[in-house]
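Colleague: Could you take me through one part of this model slowly? I would like a close look at the nonpolar core, with some background to begin with.

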Amino acid sequence: MKKVSFVIPCYRSALTIGKVVGEIKESMIPLADRYSYEIILVNDFPQDDTFEVIKELAKEDERIRGVNLARNFGQHAALMAGFRYADGDITVCLDDDGQTPADEVGKLLDKLEEGYDVAYAKYTHKQHSAFRNFGSRINELMTRFMLGKPKELYISSYFAAKKFIVNEIIKYRNSYPYVIGLVLRTTKNIANVEVNHREREIGTSGYTLGKLFGLWFNGFTAFSIKPLRVATACGGFCALAGFLYGIYTIIKKFVYPIAPMGWSSTMAALMFIGGMLMLMLGLIGEYIGRIYISLNDAPQYVVRETTGKES
């Protein structure tokens, strides 16, 4: 019998996590002859009473493990923490708000049984806000261009992965983890499974514009050097444009000696080139800064306390 580890990052989910856990239990009853399971709940926002709810759930069921982080480290850091406590043959990740349907986990498990390493849920119609859908679209384009994600592959927060994939992911010890990038650099044997997507019943998404930008930066600075190549290409383009403009100016002076030389066009060119230089230097600085932080052994997360047995 195989064991399934459910890993759920929790963020202000005191009112929703109990229902999600209950749905997991009900969903695993028909699969009891094939799978045992455990549930690992990682609280990524210790300022509210979510972990108190998690501790009560853990008291009621020994298959539930609670992990309380010292502060808010982000969804992907919380996933990394959960992965290191998971010991199942298969790990399933889903959201804490009930929008990802735990009752359809059998579809993901069946897809892995077909021989795939990872199975991602694909939603026929997402119930996110327009802002979240926009963010997902940008994330889709970024993973395709920067990380080499196949165009037809849909990436979501609801997925199942085999044990060797998780074991490879947790080898990553640097700051700024990005689980999607870690999966894509480990395997390309990935499938999609169509599931429903529900409306959020309580609260709003924890992703702000700033957090989404931070997530995108994690993706294309931690696992790709393409931005640096783009910077090189932009620099070459600006240099070529400046050179051609200089030739044009000389020719124009010879053809039309009385033509006035434009101060405004010169300043516009300087501003454009200066702006591009500052942008590229900032991008390079971002890479250097992340290298510096990683060399200083900045933690992915810090665990304050856990429930259940010690690992």
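What is the mean pLDDT of the chain, and how many of its residues reach 70 or more? And which residues have the most contacts inside the largest nonpolar core?

Modeller: Happy to! Keep in mind that this is a predicted model. The mean pLDDT of the chain is 82, and 80% of its residues reach 70 or more. Confidence varies between elements: strand E4 (residues 90-93) has the highest mean pLDDT, 98, while helix H8 (residues 209-222) has the lowest, 61. Where pLDDT is low, the predicted coordinates should not be read in detail.

Now for the wider setting. The chain has 10 helices and 8 strands, and 45% of its 311 residues count as buried.

The largest nonpolar core is made of 35 residues, and Phe6, Ile24, Leu41 and Val92 have the most contacts inside it. Several elements each supply at least two residues of this core, among them strand E1 (2-10), helix H1 (17-28), strand E2 (35-43) and E4. H1 gives the most, with 5 residues.

Let's zoom in on Ile24. Leaving aside residues up to four places away in sequence, Ile24 touches Phe6, Ile8, Tyr37, Ile39, Leu94 and Ala102. There is also a second, separate core of 34 residues, which includes Val42, Val67, Leu153 and Tyr301.

Contacts across long stretches of sequence are found in the whole chain too: among contacts with a separation of 6 or more, 85% join residues 24 or more positions apart.

Terms used: Residues numbered from 1 in each chain as written. Predicted model: local features only at pLDDT ≥ 70, side-chain atom pairs only at ≥ 80, totals over all residues. Heavy atoms only, no water. Helix = DSSP H or I, 4+ residues; strand = E, 2+ residues; numbered from the N terminus. Buried < 20%, exposed > 50% of the residue type's maximum accessible area, 1.4 Å probe, protein only. Contact = heavy atoms within 4.5 Å. pLDDT = per-residue confidence, 0-100. Core = buried A, V, L, I, M, F, W, Y, C linked by side-chain atoms within 4.5 Å.
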